[in-house]
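I opened this notebook to record what I looked up about how two parts of one protein chain meet, and about the charged pairs found along the way.

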Amino acid sequence: MQRALALAQTVMYTTAPNPRVGCVIVRDGRVLGEGATQPPGGPHAEICALRDAQSRGESVAGSTLYVTLEPCSHFGRTPPCVDAVLAARPARVVVAMGDPNPLVNGQGLARLREAGIAVTTGVCREAALAVNAGFISRMSRGLPWVWMKMAASLDGRSALHNGMSQWITGPEARADGHRWRARSCVVLTGMGTVLKDDPQLNVRDVDTPRQPRKAIVDGRFEIPETARLFDGAEVIVFTAREDAAKAARLADRNARVVCLPGTESGRVDLPAMMRWMAEQQFNEVHVEAGAGLSGALVSAGCVDELLLYLAPVLLGDAAGMVRLPMLEHLDAARRYEFTDTARVGADLCVRARVAGTWRQLMESVALPTLS
């Protein structure tokens, strides 16, 4: 299963909106075939592994098939994988996690068991979920998985008092941040960042065959039509104010204006925005924004994970990372659980997530552990 997970990691940037899945077929300690899910419309991991075994002249009858996600049991862009697995007649199928997609949700495993194939589930379940948190989140709760990337000093400052923030962290940390951009379906920022930095929002520091979409939260629809992010790639502008003429001009530059219900203050309804992105089959959202939008997303419960790069510097009286309401009691603080820390060049990468949300996802992919 560890090998199957490694295979799933190799297609991190290419499978969306489908999940990243790896599959390995083994008999007597020898690998007969292996594969990973191909871009949308291409074969899934199980089919790739079966074809690999066939190309090696191997029969997989009586083998054990390891796969990181329950085999699909419905027609989508491709036929059901479970049909091909059944035809191959393995003796046993080992699955890391279930697929909460209502079109699957245990049906694939039920068909395997009905055919007399032994099924074991739950092997490396949490590691498999970590590879596909966005897909599982979209299928189980109708929302993408959202992480917020921030760079700050040791005293939690993200910019000087004059707004200067380039660069607090080093090149290795910035490249690592671009890897997270590359795995996402959309990179999201706010108007403050557009006006201050005029960012490109694309992936530059790592090789990727697919650029994520770019998205801007712009409640009053004030985005400059000359902004650098309008470079021909698709841009989504979320706003609460209609302006048909401006929207038409931006459409000529491959921008899609999405007018969502606004709050009383004229701001975009952020939870509605996240629901819209899930409906568009966006699995993972990468947020890089200023303190205002970052705080608004956190306050609205839209952020599942924090990706924080800490530089070994102190900036003193400067801008903070997230603007949140003042608290009177510690019990009201928003709390996270640390999941990882790592040195990245001269900096430190710290990851933390909302524990309750992660538990919900774990429960959604849980299956009985015995055949």
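Before listing any pair, I note the rule I worked with: a salt bridge is a side-chain nitrogen of Lys or Arg within 4 Å of a carboxyl oxygen of Asp or Glu. I also keep in mind that this is a predicted model, and that every value below is computed from it.

**Entry 1: charged pairs within the chain**

I searched the whole structure and found 19 salt bridges. I looked up D83 and R111, whose side chains meet in a salt bridge with N and O 2.7 Å apart, inside the 4 Å that the rule allows. D83 belongs to helix α3 (residues 81-88) and R111 to helix α4 (residues 107-114), so this pair ties together parts that are 28 residues apart in sequence. I then checked how accessible the two partners are: D83 is partly exposed at 32% relative accessibility, and R111 is also partly exposed, with a relative accessible area of 32%.

I turned next to R181 and E288, which form a salt bridge whose closest N and O atoms are 2.8 Å apart. R181 sits in helix α7 (residues 171-183), while E288 sits in the loop between β12 (284-287) and α11 (291-299), so the pair ties together parts that are 107 residues apart in sequence. Are these two residues, R181 and E288, buried or exposed? I found that both R181 and E288 are buried.

My third pair was R220 and E222, whose side chains meet in a salt bridge at 3.4 Å, N to O. Here R220 counts as exposed, at 54% relative accessibility, whereas E222 is partly exposed, with a relative accessible area of 45%. I also noted that salt bridges that share partners join R20, R183 and E284 into one network.

**Entry 2: the two domains**

I took the domain bounds from the domain assignment of the protein chain, which gives domain 1 as 1-136 and domain 2 as 142-355. The C-alpha centres of domain 1 and domain 2 lie 34 Å apart, and the contact takes 14 residues from domain 1 and 14 residues from domain 2. The area buried between domain 1 and domain 2 came out at about 1,100 Å², with carbon and sulfur atoms giving 50% of that area. Which residues of domain 1 lose the most area to domain 2? I found Y13, P17 and G134, which together account for 52% of what that side buries.

I then went through the polar side of this interface, where the rule finds two salt bridges and five residue pairs in polar contact, with both residues at pLDDT 80 or more. The elements giving two or more residues to the side of domain 1 that touches domain 2 are α5 (125-131) and α6 (133-141). By class, I counted eight nonpolar, three polar and three charged residues on that side of domain 1. I also looked up E284 and R20, whose side chains meet in a salt bridge at 2.9 Å, N to O.

**Entry 3: D304**

Last, I looked up D304, which lies in the loop between α11 and β13 (305-311). D304 is buried, with a relative accessible area of 3%. Leaving aside its neighbours within four places in sequence, I found D304 in contact with R141, P144, W145, V146, A352, R353, V354 and T357.

Technical notes. Residues are numbered from 1 along each chain as its sequence is written. This is a predicted model: local features need pLDDT of at least 70, side-chain atom pairs count only at pLDDT 80 or more; totals for chains, interfaces and linings use all residues. Side-chain values use heavy atoms; hydrogens and water are left out. Domain bounds come from an automatic or database domain assignment. Contact means heavy atoms within 4.5 Å. Buried area is the accessible area (1.4 Å probe) that two parts lose on being put together, summed over both. A polar contact is a pair of N or O atoms within 3.5 Å; within protein, one must be able to donate a hydrogen and the other to accept it, and residues adjacent in sequence count only if both atoms are side-chain atoms. Helices (H or I, at least four residues) and strands (E, at least two) are DSSP runs, numbered from the N terminus. Ala, Val, Leu, Ile, Met, Phe, Trp, Tyr, Cys and Pro count as nonpolar, Asp, Glu, Lys and Arg as charged, and the others, Gly among them, as polar. Buried means under 20% relative accessible area, exposed over 50%, partly exposed in between (1.4 Å probe, protein chains only).
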